[in-house]
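Thanks for coming. I will walk through one structure this morning, element by element, and keep it brief. Please have the viewer open.

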Amino acid sequence: MNDYNTIVGRIDHFAVSTPDKAAIIFGEQTITYAELAKASLQMAFLLKAKGIGEGDRVCLLSGNCPEYLVLYHAVMRCGAALFPINSDLAATEIAYILGHAEPALVVSDASSSSKIHAAQALSNVHVEHLELEQLVIQSVQVQGDAVALHARKPADLALVIYTSGTTSAPKGVPATDAIEMAGAETFAQIWNVTAKDRCLCALPLSFLFGLHTATLVAFMQGASVVLFPRFHPVRVLEGVVAQRVTMVLGVPTMYAMMLEHVTQTSIRYDLSSVRIAVSSGAPLAVTTRDAIESSLGMRIQDYYALSECRPIFSFRADDAQAVPVGSVGSTAPGVEVRLLNDEGQAVAQGATGAILVRSSNTLMSGYFRDPERTAAAFDNGWFITGDLAYQDARGHYYIAGRTRDQVISGGQKISAIEVENVLLQHPSVAQAAAVGIPDAKFGELLKVVLVLRPGAVQDKDALMEHCKEKLAAYKLPRLFSFRDVLPISPAGKVLKRELIEE
C-alpha cells in the first residue's frame, strides 16, 4: 500500500473513498478515480514487465490527453520518475534532454515519433522507444500483483522538468513526492481547493503549471480536472460553461485570446461557476485585466511561482479582493523571502531588490545532475530567483523585472543567450542581441537586433529558416532589427535597454 502522502497513494485513497467521482473530464470522456487508479496500475504492470523499476527514468513527449496522466502515475508505481518533454521543442533540443537524462525508456504519442527518432540519432541515445497509444492498448489485458510494485515513499523522485534558463542548455528541475505534495497542499490551502472544484487545464502537461498547479492540486483534494488537448479560446470558454468549471488557470496570452474572441463576436458566456481565475508566467496588462472583468465577468488574480519553488507569492481566496491590481500577493505559507540590493543587503520597504527564497518543503535541493549551476543558484541555502520585486506597506509584493537574461512570451520562457547563439551560427551574422518587447497579448515579444558581416544582405526569411531548424516554434524571433553596431557599456555589455526602447 502506498503512503497517503505520496501522489499515487492519494489517488488510491480517492479510488476507494470516492470511486465514481470524475478525476479527468476530456471532451466526452470521463475517467473516474477508480478507473484512473486501475488504468495506471495495469500500465505499471506492463512497464515492470518491460524492465522499468526503482530509480529508472522515463521520458515522455506527448500532447495533452488522459493517458499522459495515466503513464505518469504508472511510472511512479514502478518506483521510477517521469521526465516530461515539451512537444514544441526541436529535435536538437530533445536530443540534449535525452543525453542528459539517460532514460531507461522513451515514450511519445504517435505524432511525435519522428521527432524522437531524429533526437535519438542526434543524441546517440538508443533506448527503447514506445508509442503511448500502443502502451494503452497493451496494458488493458495485463494483470499483475500490486504488492510486487514499488511501495512509494515521500522521498522518492517523482519527476524532472526541463526549464529554459539563462544559458543555452536547459536545466532539469527535480521534485520528490514530498515536494509535489507540499506544493499541492499549499495551493489548496490558500485557494480553498476542495473535492467540489472543477479545475481547467488547457496548459501543456509538459510544464509544471499544467502538470502540477492545474492538475495535481486538484487530484490531491479529490477534485476533477477538465482537461483540454490544447488551448483554444472558443473551446475553453464553451468547456467552462458546459462543465461548470470553478477554477481557471492560464497565462496572460490565453486570457487575451478569450477577450479578443468575445470582443470580436459579442458572444456572452455564462462564467458564473468560476470562483477563481489565476494568471502566472508573465505580467497581465492592467487594461486587459479590466476588459476581461468587464466582458467575461472574471476577476484575474496574479500569483508568482517558479519550477524550482512553488508557490512563492499568491493571493488568498478568502481575501482576493484585497490584493491590489498588479500585485502577486503575499508570501505563501512555508516560504521565506528576502529582497536584496547589489551589495547583498536587505532593501527598504518600497525599494526594488533581487528575490531570494528559502523553503523546507517546496524548494528543490538542486538541479538534476548539474552541480555547477546548482552552486550558482544558491546562496547559503537561499535560492536566487533572478527576479526583482518590491513590497508595499501591507505586505503585498510586485514583480519589477528580471536580473536574468530571459524573455517570457505567452508564458513560455526563452533564453536570450540560446537565441543569440543560434543566430551567431549563421554566416551572415556578426553580432546578435535578443530582447523582450512589451506586448499586451503575449506579455513580451522576442526581438533580435543584428549586426551583419561585411557584404551580407538583410534577409529576414533566410534567418528565420535558420532559426526554425534549431529552435522550438515559441523561441522564434517575432521582430528583426539591423544595426551597424550594438550599444555597449563601459564594462563591455550590450545595453539591451536601449534596444528595447528604440
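**Helix contacts, sheets and a few local details**

I start with two helices in contact. Pro233, Val234, Val236 and Leu237 in α9 meet Met257, Met258, His261 and Val262 in α10. Sorted by type, the residues of this contact are seven nonpolar, one polar and no charged. One general remark before going on: this is a predicted model.

Now the geometry of that pair. Helix α9 covers residues 233-243 and helix α10 covers residues 252-265; their axes come within 9 Å and cross at roughly 90°. Angles from 65 to 115 degrees count as roughly perpendicular, so α9 is roughly perpendicular to α10.

Next, the sheet with the order β23-β24-β25. The sheet is open, has three strands, and its pairing is mixed. At the edges are β23, residues 429-439, and β25, residues 479-482, each of which pairs on one side only. From one strand to the next, the twist averages 25°.

Where does the mixed pairing come from? Take the two pairs in turn. β23 and β24, the latter being residues 443-452, run antiparallel and are joined by ten bridges. To find the register on screen, look at Val429, which stands opposite Leu452 in β24. β24 and β25, by contrast, run parallel, with four bridges between them. Here Lys447 has Leu479 in β25 as its bridge partner. The connection from β24 to β25 passes through α14, and this β-α-β crossover is right-handed.

Two helices lie across this sheet. Helix α14, residues 460-470, lies across β23, β24 and β25, and runs at about 125° to β25. Helix α13, residues 416-424, lies across β23 and β24, and its angle to β23 is about 145°.

A β-α-β unit also turns up earlier in the chain. It is made of β5, helix α5 (residues 113-123) and β6, and it is right-handed. Its strands, β5 at residues 105-108 and β6 at residues 128-131, run parallel and are joined by four bridges. If you want a marker for the register, Val107 has Leu130 in β6 as its bridge partner.

On to charged pairs. How many salt bridges does a search of the whole structure find? The count is 15. I will show one of them, where the side chains of Arg10 and Glu185 meet at 3.0 Å, N to O. Arg10 lies in helix α1, residues 7-17, and Glu185 lies in helix α7, residues 177-191, so this salt bridge ties together parts that are 175 residues apart in sequence.

Last, two backbone details, both in loops. Which peptide bond should you look at for a cis geometry? The one from Arg310 to Pro311, where omega is near -10°. Pro311 lies in the loop between β13, residues 300-302, and β14, residues 313-314.

The other detail is Asn192, which has a positive phi of about 55° although this residue is not a glycine. Asn192 is found in the loop between α7 and β9, the strand at residues 198-201. That α7 is the helix that holds Glu185 of the salt bridge with Arg10.

To recap the two β-α-β connections: β5, α5 and β6 make a right-handed unit, and the crossover from β24 through α14 to β25 is right-handed. That is what I have; questions are welcome.

Definitions and conventions. Residues numbered from 1 in each chain as written. Predicted model: local features only at pLDDT ≥ 70, side-chain atom pairs only at ≥ 80, totals over all residues. Heavy atoms only, no water. Pairing = 2+ DSSP bridges. Right-handed = clockwise from strand over helix to strand, strands pointing away. Axes fitted to C-alpha atoms, helices over the stretch in contact; angles between N-to-C directions. Parallel < 35°, antiparallel > 145°, perpendicular 65-115°, else oblique. Contact = heavy atoms within 4.5 Å. Nonpolar A, V, L, I, M, F, W, Y, C, P; charged D, E, K, R; others polar. Salt bridge = Lys/Arg side-chain N within 4 Å of Asp/Glu carboxyl O.
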